[in-house]
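Trainee: I should like to learn how the features of a predicted model are read, one at a time. May we begin with the structure itself in view?

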Amino acid sequence: MRKSEPGSVSRHTRVGERLIGALLFGSEALSILATVGIVVVLLTESLGFFAEVSPVEFLAGTRWSPDLVPRSFGILPLVNGTLLVAAGAALIALPTGLATAIYLSEFASLRTKRTVKPALEILAGIPTVVYGYFAVTLVTPVLRTLFPGVGVFNAASAAIVVGIMILPMVSSLSEDALSAVPDSLREAAYGVGATRFEVATRIVVPAGLPGIAASFILAISRAIAETIVVTLAAGATPGMTLDLLQSVQTMTAYIVQVSLGDAPSGSIEYRTLFAVGLLLFLITLALNLLSQRMTTRFRESFR
Amino acid sequence: MSPGAPRGGRFDPRLEARRRAGVRFMWLCRLAVAFGVASLVVLLVSLAADGLPALSFEFLTSYPSRFPERAGVRSAILGSAWMLALVAVMSFPLGVGAALYLEEYAPTNRFTTLLKTNIANLASVPSIVYGILGLAVFVRFLALERSLLAGAATLSLLVLPIVNIAAREAIRAVPDSLREAAYALGATRWQAIRHHVLPAAMPGILSGTILGLSRAGGETAPLLIIGALTFIAFDPLSPMDPFTALPIQIFNWTTDPRGEFHALAAGAIVVLLGVLLMMNAAAILIRNRFER
């Protein structure tokens with residue numbers, strides 16, 4: 001081979017170079033294809049669905065009964081179930097996560113940080129099906145002894161466990177936001193006589209608020225998208241209830257229910273899966289974009 | 001109230017009272033920290049109590065069964081192993097290739113920014129949506145049925161953005177002086193990448209890939225959606241075979257109303273967490289070993 005000699009890069013090498021560039025672009029193109037695939041699959045099957053069911057009935061109807069005659073495709077009961085579980089989870093995870101973040105960023109010693117942070121990271125790495133097992137075998141039985149009359153499936157158990165699941169996300173992203181607040185702000189506050197508590201709650205938290213909000217939104221989006229815990233613990237009873245002790249069905253749990261049955265391609269039942277999936281995708285996409293925008297704005301505010 | 005603006009006119013001159021308020025607040029925060037840590041401890045202790053007694057040689061080498069005392073995770077372990085191998089084969093070259101394109105080849109323009117935003121968004125798409133995509137494209141359209149290949153392709157799409165983002169970070173961390181030295185000696189772009197950038201970035205790429213794989217190993221929802229919840233009492237022998245996997249088996253046993261199967265689910269969870277823990281430990285070891 002002469003190609004190592006200066007000035008003798010052979011034509012062969014140049015063709016190879018271009019080929020490699022093309023191959024690498026090809027693998028990048030796959031991620032464009034994935035996005036296009038998601039949008040096309042969700043839209044085409046949903047269009048088939050909306051040819052039979054009016055979008056108004058779908059979005060405003062309060063009865064979800066896709067297989068019982070008379071059929072009815074109002075998605076609000078599923079949205080209600082999703083939001084009920086997500087709200088319950090948020091009620092647990094947001095204050096606890098923020099308080100954890102404040103403690104880790106403003107109060108904790110290095111040693112405490114070194115034990116608490118890995119513990120939270122482990123919590124974040126546990127697969128959802130394990131949380132689902134936890135809900136069914138531990139949280140639900142405890143709830144049933146505390147509140148007689150609670151069913152085997154209930155929204156509260158799912159909400160509690162989803163809350164624990166998204167807690168590490170809130171605490172780690174909020175802590176990032178608090179740590180990004182420049183020390184000069186803290187020092188200025190100490191300089192005019194503020195206590196540590198006042199510095200944390202009146203200076204650092206307000207300054208980190210956009211970042212904290214971004215972490216909250218991302219965690220809620222994660223709770224809305226959560227599938228396994230809600231399928232295992234909350235059950236499959238679509239309804240407009242706000243009672244956490246009752247069984248509800250979330251959008252994700254419905255998608256699982258359809259795919260566990262053997263709905264043939266092209267049937268209306270198969271298509272509901274995509275219509276519900278499309279709505280879920282749009283909700284989480286909107287929340288994620290909002291969270292991203294807040295993070296960028298937050299980063300820019302300290303430049 | 002605008003961010004950063006202190007609330008005026010609420011100054012309390014009693015320093016002792018203000019300190020006490022601070023102490024109360026700190027204990028509230030400590031309570032929150034304790035809640036998170038206690039959840040982890042309760043989870044791990046209850047799993048160990050329920051799951052460890054279920055572990056035995058028979059449990060690891062038996063097929064699932066209607067009888068809890070005879071049921072095991074053999075086909076689930078084999079299915080998960082196949083799955084991880086196939087996902088690794090698919091997502092590693094594609095994820096790293098795309099990362100090389102974005103960091104080394106792509107011009108800095110709006111289109112490239114769009115590509116990067118697209119990947120960031122793909123990383124936050126709910127896993128159940130990947131399941132829907134896999135069901136429509138791999139299972140039905142490409143007629144792969146409920147095979148290992150269909151499952152692995154679905155999970156690869158889910159893992160790709162994770163591998164890609166980790167690989168890009170590792171490639172970005174390689175100093176430009178390395179590339180320039182290679183170019184100065186007459187290397188082509190690919191020669192500089194192949195012999196200098198890739199080896200330097202490999203530890204970061206590998207640890208990111210393993211973390212992505214451990215995510216794939218624990219995913220349940222996409223596999224449920226493509227229809228993998230089936231009774232498999234044989235060894236999967238080719239990528240076209242139907243399969244079960246550890247998360248699926250855990251889900252299945254957890255939904256069983258008979259309590260005996262919950263102990264089996266706990267045993268399978270211990271196996272799954274053991275595998276994931278080893279993968280994460282490997283990722284950390286690789287990172288530390290090559291980090292200076």
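**Reading the two chains**

Mentor: Let us start with one helix. H3(B) bends by about 25° at B:Ser91, and a proline, B:Pro93, follows within four residues. The bend at a residue is the angle between axes fitted to the seven residues ending there and the seven starting there. Helices (H or I, at least four residues) and strands (E, at least two) are DSSP runs, numbered from the N terminus.

Trainee: What span does helix H3 of chain B reach, and what span is expected?

Mentor: The expected span of a helix is 1.5 Å times one less than its number of residues. Helix H3 (residues 74-105) of chain B has 32 residues and reaches 45 Å from its first C-alpha to its last, close to the expected 46 Å.

Trainee: How should I read the numbering and the status of the model?

Mentor: Residues are numbered from 1 along each chain as its sequence is written, while chains are lettered from A and ligands numbered from 1 in the order in which they are written. This is a predicted model, in which local features need pLDDT of at least 70 and side-chain atom pairs count only at pLDDT 80 or more, whereas totals for chains, interfaces and linings use all residues.

Trainee: What is the mean pLDDT of chain B, and where in chain B is confidence lowest and highest?

Mentor: pLDDT is the predictor's confidence in each residue, from 0 to 100. The mean for chain B is 90, and 96% of its residues reach 70 or more. Confidence in chain B is lowest in helix H2 (residues 57-61), at a mean of 87, and highest in H6(B), at 95. Over residues 1-6 of chain B, however, pLDDT stays under 50. Chain A also averages 90, with 95% of the residues scoring at least 70. Its residues 1-8 have a pLDDT below 50, and this stretch has 6 contacts beyond near neighbours in sequence. Where pLDDT is low, the predicted coordinates should not be read in detail. For the complex, the predictor gives an ipTM of 0.90 and a pTM of 0.91.

Trainee: How many helices and strands does each chain have?

Mentor: Chain B comes to 11 helices and 0 strands. The radius of gyration is taken over C-alpha atoms, and the globule rule is 2.2 Å times the number of residues to the power 0.38. Chain B has a radius of gyration of 25 Å, well over the 19 Å that the rule gives for 292 residues, so it is more spread out than a compact globule. Its C-alpha atoms fill a box of roughly 70 × 70 × 40 Å along the principal axes. Chain A comes to 12 helices and 2 strands, in the order α-α-β-β-α-α-α-α-α-α-α-α-α-α. Its radius of gyration is 25 Å, where a compact globule of 303 residues would have one near 19 Å.

Trainee: How many residues of chain A are in contact with chain B?

Mentor: Two residues are in contact if their C-beta atoms, placed from the backbone, lie within 7 Å. By this criterion, 71 residues of chain A are in contact with 69 residues of chain B. Helix H1 (residues 11-52) of chain A gives the largest share of the side that touches chain B, 18 residues.

Trainee: Is A:Trp64 buried or exposed?

Mentor: A residue is buried if 20 or more other C-beta atoms lie within 10 Å of its own, exposed if 12 or fewer, and partly exposed in between, with C-beta atoms placed from the backbone. A:Trp64 is found in strand E1 (residues 64-65) of chain A. A:Trp64 is buried because 25 other C-beta atoms lie within 10 Å. Beyond four places in sequence, its contacts include A:Phe73 and A:Pro238. B:Pro175, by contrast, counts as exposed, with 10 C-beta neighbours inside 10 Å. B:Pro175 lies in the loop between helix H6 (148-172) and helix H7 (176-184) of chain B.

Trainee: Why is helix H11 of chain A described as largely enclosed?

Mentor: In helix H11 (residues 251-260) of chain A, 8 of the 10 residues are buried, so the helix is largely enclosed by the rest of the structure. The buried residues include A:Met251 and A:Tyr254. Among the elements covering them are helix H12 (268-301) of chain A and helix H5 (127-141) of chain B.
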